[in-house]
Amino acid sequence: TSLHRKNSKKSILLSRQTVSVAQSAIIAESPKASRYVGTWLICCSGLVVGSVVLGGITRLTKSGLSMVDWHLFKEFPPLSREAWVLEFEKYKQFPEFKQNNPDMTLEEFKWIWHMEYGHRMWGRLVGAAFLLPSIYFWRKNWLSGPMKKRVAIFGSLILGQGLLGWYMVKSGLVDKPEPDGVARVSQYRLAAHLGMAFILYSLMLWSGLNLLLPPQKVEITKSLVKFRRFAHGTKGLIFLTAFSGKLNLLQ
């Protein structure tokens, strides 16, 4: 009968879908997929560390406010002296030049500009190194269901980092009274920017190690529980120290 045929077609379709899902799960859990995805995530976490280091250098050299605008795809260094002069003139319109660097020369400006430019380009490198392989792994079904959710979260955090970075810089481009007369970015936005980087690094590293070194079943003892608490507590204190340091650090 027609009803029987319809039910048979539905059963075949469901069976095919079940087989397809099962095959995808097998591929995602294969040693090869785990090795490649795990290595990729650890490499991305290393790039995040590099971004934090460059950000610290940029801050120590007081270069973070040298670029007074932000474009996602159109940020290129000036290619002529006239272009550099124009860029320098834009910088002169903002508080950092007026309050901190009124005697700065064009050559000095070029140096701090390149420092900030390098930091921004490294951030784009992190985004590209994450996005392109993630698309490839997703299409190859090398990502399990839970890992797909993590990858989506990582991508959102990377995008959020870029937006938060510019939001932080904008706070230093506004004329506002400072007790010491020094132009600086908001320490709260700076702390949030650093904190998000730490979270991204930790999650990527943890996810990568989970794939390369799958958890082993061990006996849960009191010593192991104490060690876990100690490790998590130490990690929390390190994060709190770095976060609170940014809240109190003056530029």
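This report looks at aromatic rings, charges over rings and cysteines in a predicted model.

## Aromatic pairs

The model holds 14 aromatic pairs. One of them joins Phe-88 and Phe-97. Their ring centres are 5.9 Å apart, and the planes meet at 90 degrees. That makes the pair edge-to-face. Both Phe-88 and Phe-97 are buried.

Phe-97 also pairs with Tyr-91. Here the centres lie 6.0 Å apart, with 70 degrees between the planes. This pair is edge-to-face too. Tyr-91 is buried, as is Phe-97.

## One aromatic cluster

Phe-88, Tyr-91 and Phe-97 belong to one aromatic cluster. Among its other members are Trp-84 and Phe-109. Trp-113 and Tyr-117 are in the cluster as well.

## Charges over rings

Phe-88 has a charge over its ring. The charged end of Lys-92 sits there, 4.6 Å from the ring centre.

Another charge belongs to Arg-189. Arg-189 lies over the face of Tyr-167, 3.6 Å from the centre of the ring.

## Cysteines without disulfides

The structure has zero disulfides. Take Cys-43, which is in no disulfide. The nearest cysteine sulfur to it belongs to Cys-44, 7.1 Å away. A disulfide needs the two sulfur atoms within 2.5 Å, so this pair does not count.

Cys-44 is likewise in no disulfide, and its nearest cysteine sulfur is that of Cys-43. Are these cysteines buried or exposed? Cys-43 is partly exposed, because its relative accessibility is 47%. Cys-44 is buried, with a relative accessible area of 2%.

Note on methods. Residues numbered from 1 in each chain as written. Predicted model: local features only at pLDDT ≥ 70, side-chain atom pairs only at ≥ 80, totals over all residues. Heavy atoms only, no water. Phe/Tyr/Trp six-rings, centres within 6.5 Å; stacked < 30°, edge-to-face > 60°. Buried < 20%, exposed > 50% of the residue type's maximum accessible area, 1.4 Å probe, protein only. Lys NZ or Arg CZ within 6 Å of the ring centre and 35° of its normal.
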